[in-house]
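Please open the model in your viewer and keep the sequence panel beside it, since the tour below moves from one selection to the next.

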Amino acid sequence: MTYLEALTQINKEKHKLFNDWLASKVKAKTEDETENAPKDNFLKDMSIEYLRIQLDNFESMLHIKYKRYDELVNMTLGELNTYVQSRMDWYSSKLISNCQRQNIRNILLFICSNNNLAAPCEKFKVGELLNHFHKKRLITYATAVSKNEPISLNNATNIKEACLYGRSLHKLEEAFGKNILKKALTQKIFKDITNKRYTNDLISYYLLVSPTPFFQSEKDFWGYLKLRSEKKPITYYNENSKLTPYIRNYHRFSKTTLDILKANYEDTGRSLPLILIIHSGLDYDGAFVRDQNLDNLVSNREIKSLMIEGKETLDSISSLLPGIAGTYGPINQVMLAGHGRVNSILLAGSFDASATMKKASLTTNSNKSKEFIKKLLEQLKKPSDSVPGPKEARILLNACLTDSNTIPLDELSDVKYFKSFMDKINKHIDALVLGDKTEIVKTALRNKLRNKVQTIGYKTETYSEIEAVLTALDLESDIIIDLKNYIFTLTDEAGQEDEVNKRHTGNQSDIQNYIKAHPNLVAYIRSIIKEEREKANCTIDKDAVQENIVYGANASITKPNLLKDGLLTLNSGRDPYIISPKKDYITNGIEPQGVFNAVLEYWASNEKELMTIISNRVSGDTRSSWDNVIILSLFDCILNIHKDNIFFIYDCKILAERLQSIRLNPKKEMIEKFKDTRTWDEEIRFCFEKLATTTAWKENIPLLVYQHWMQIDNSKIDEFFKELSVLKCNTAFPLVNLKYIEQKIEPVMSGDYNLGKLILSLLAIINGNREAYYRDYLNHLLGERTELPEEWSPLLSGKISKDNLFIALGRKSSTPDLSSPEEPRNYMDRFHIKSVTLKGKIKNASTPIFSAPEGEVEEGVLNKDCRIYIHGETPDRYAIQHKKAKEIITVFVLKDAVETRTAKKEPEVPSR
């Protein structure tokens, strides 16, 4: 295309603009050239479409004036980025000096060096960044804000605060490692540690104490903060202290407890009853950190308490027992404290080099555990007459569920029969010929029939329910009749009174036999005491050590009172029947898993009385706590729907655990656990309705519940969006399980503005979810906008920049595409140049530079190793800063000729 041809194809009102643009691009003609020759040469490879794009761009840039340095430093980083992208030749301004130009470029180079920096830093002033330019600190801070690594942080209010947090977090990450911080350090506690200037002290404590203290949960960092406010934790670590050989995790205890234990180890007097606390060092959820009731026990002036804590093996604990008994007098009572299960206490352990927990539990099926118990019993004596207080020995298991019982489902007669029943049905289904979708239909048929039989049992209702299943699958009528008749025969056989009674009695015997063969930990220790007492060469004090001195919990416990009338106990005001007989715990117990373990056990021995107990509690218990409502709701389901259904009675423990976990650990991972409860959808719905009336139905709990409730009831989708609308992306992140809700959400992700839908869509994009319905909804709301709506920025919480959001939405290209220049594009795409900020050098001698991103018009050559600044790129060229005479202009160089780099020393002038 020639200059004159171009004039004929451009509107007359654009002619002056066209000539001005050419004047900025084309060399002056030589004496040998005609007037238009340089212009013709410049335009010869250019299409009219591309020319129009360049003119549009040139016209846009004419409206964007160069900024003075004082204007640039008063911009926020987001404003600077917008300016640089719209005025890509910003560095050509004569309003800024070389030094000022370099300052701005350094900021841009830094921001472009890490994708995490743009959004968290976009509100900071450029001048502030120049005054507080700490790269490592800002990168650490920005990564925490945008990627939740290694912890989640909200945007800092200013650059000083960002650098302070980045510095502290960088130090902590070097000392503790990412895994510990990600799992255990919360934003609130991190800010407290940082703002109180405790970072260095915490690191010293962690690195200098040997063996290394454990930090497994947020309660550990909270415990450190609390102890640090009382006394520096490191001061308790002293090789000359009598406390040091026995305690590992000082930060888990109060100054009161540590000071008294230290004094007790220094005092060898024997004037008080001696209680030994054997405490686990592994506490994955912080349940034992700074237990006020432990403080009360240790502080009691009528007893003397000693503690062994944080040992890695049972042998390392038992080896200390003779020395303690010999130095401080016979041990009168022992408390074993740690996380418990029906048949174990996590009493010792450590972590290997890969941070994998190595447990050393006291269990019911281990020779090491048995030897440990025997060595413990050998040191146990009654207090002497000269010592005040009750003359009893006692062993207390301060752990969850150690006096409860669980039974594997497969042990029950009804379950074995159910498997046989379903095997027969499945074989009949396998023989069916169902056309093209045989396997899909068969799988659906097996699953649906299984759920119906398990939900209803072997009753006549099963027949009509199964008929509905068959009809819904759109099977041929003769197949439906055949299956109905076959299943009716089986159901009729299964439902015979003699057969039902036989299985019923069998279930009860199965439970009793299993408990007898697999005792819980309390029963196991009692059995060892009995065994030792019956030996001819008995080595224990028979007068002190009897079977009834062992106590444990019916259920999960939370820091109960530990001492009553001088004796160790578990006594919770909230759950006072924790060590009572099973009947009393079913009647009054408040912890759901413990209650339903007791229900199954009691059902096996006295079913009729159990139903009376349940009925009385449903009608008379008015307590409205979350846990009690779970118990009462499931009791109601047993009484009115599932009195004879062993499957439901058994599963109540599982349902209760799922419902309980929402309150105890309100995170999105908890919702995933409801996948295995779909057999009991209606029962779960009933529980949700009751729980929604409790005082605990607040904050984040409704949002979590609705994610499963919507799977059962579509009307709860709107409730979910309503709850989500009060959050931002950073606060919604730990609560919304995108994968779990996707099938319910996809059909409703359309329509006009809805704040809940907006937040969910932004959250999905931030988390890398590229489902079309999220993108479509956001693009629908944005319409023709080229900027984010003002109200969107606070919702993003610094998790993603506008540019990255627009790239994810397909509104901006991350790599410009030149294949179809005639297609409409946004401004940056029309320019065909992506804004970048890089440094580099020329690889080869006499490398040509070009006046345009396309075409072969050369501006000159650059020498090998010439250092350059890159400010833009096309697929095959870089846009670079170039000094021509006294003017700074933009030229283009082939990418293959450039080696991008980060120079240690900044060049003072651009390429020449």
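## The whole chain

Begin with the entire chain of this predicted model, where 70% of the contacts between residues at least 6 apart in sequence join residues that are at least 24 apart. Colouring by secondary structure should bring up 42 helices and 17 strands, and if you colour by accessibility instead, 52% of the 912 residues count as buried.

## A pair of helices

Next, select residues 159–176, which form helix α11, together with residues 187–195, which form helix α13; the axes of these two helices come within 10 Å and cross at roughly 100 degrees. Because angles of 65 to 115 degrees count as roughly perpendicular, α11 and α13 are described as roughly perpendicular to each other. To see the contact itself, show the side chains of L164, Y165, S168, L169 and L172 on α11, and those of F190, K191, T194 and N195 on α13. By residue class, this contact between α11 and α13 divides into five nonpolar, three polar and one charged.

## The loop that holds L401

Move now to the loop between β7 (394–398) and α21 (413–430), and select L401 there. Is L401 buried or exposed? L401 has a relative accessibility of 12% and therefore counts as buried, the cut-off being under 20%. Add R341 to the selection and draw a C-alpha to C-alpha distance, which comes to 5.3 Å although L401 and R341 are 60 residues apart in sequence. Once neighbours within four places in sequence are left aside, the contacts of L401 are R341, V342, A553, N554, A555, S556, G594 and N597.

## S797 and its surroundings

The next selection is S797, placed in the loop between α40 (792–796) and α41 (802–808). With a relative accessible area of 9%, S797 is buried, and its side chain is joined to that of N730 by a polar contact of 2.8 Å. Apart from neighbours within four places in sequence, S797 is in contact with V145, N155, K728, C729 and N730.

## Two cysteines

Stay with C729, one of the residues in contact with S797, and then select C99 for comparison. C729 is buried, with a relative accessible area of 1%, whereas C99 is exposed, with a relative accessible area of 54%. How many disulfides does the count come to? With the requirement that a pair of cysteine sulfur atoms lie within 2.5 Å, the count of disulfides comes to zero.

Notes
Residues are numbered from 1 along each chain as its sequence is written. This is a predicted model: local features need pLDDT of at least 70, side-chain atom pairs count only at pLDDT 80 or more; totals for chains, interfaces and linings use all residues. Side-chain values use heavy atoms; hydrogens and water are left out. Helices (H or I, at least four residues) and strands (E, at least two) are DSSP runs, numbered from the N terminus. Buried means under 20% relative accessible area, exposed over 50%, partly exposed in between (1.4 Å probe, protein chains only). A polar contact is a pair of N or O atoms within 3.5 Å; within protein, one must be able to donate a hydrogen and the other to accept it, and residues adjacent in sequence count only if both atoms are side-chain atoms. Contact means heavy atoms within 4.5 Å. Axes are lines fitted to C-alpha atoms, for helices over the stretch in contact, and angles run from 0 to 180 degrees between N-to-C directions. Angles under 35 degrees count as roughly parallel, over 145 as roughly antiparallel, 65 to 115 as roughly perpendicular and the rest as oblique. Ala, Val, Leu, Ile, Met, Phe, Trp, Tyr, Cys and Pro count as nonpolar, Asp, Glu, Lys and Arg as charged, and the others, Gly among them, as polar.
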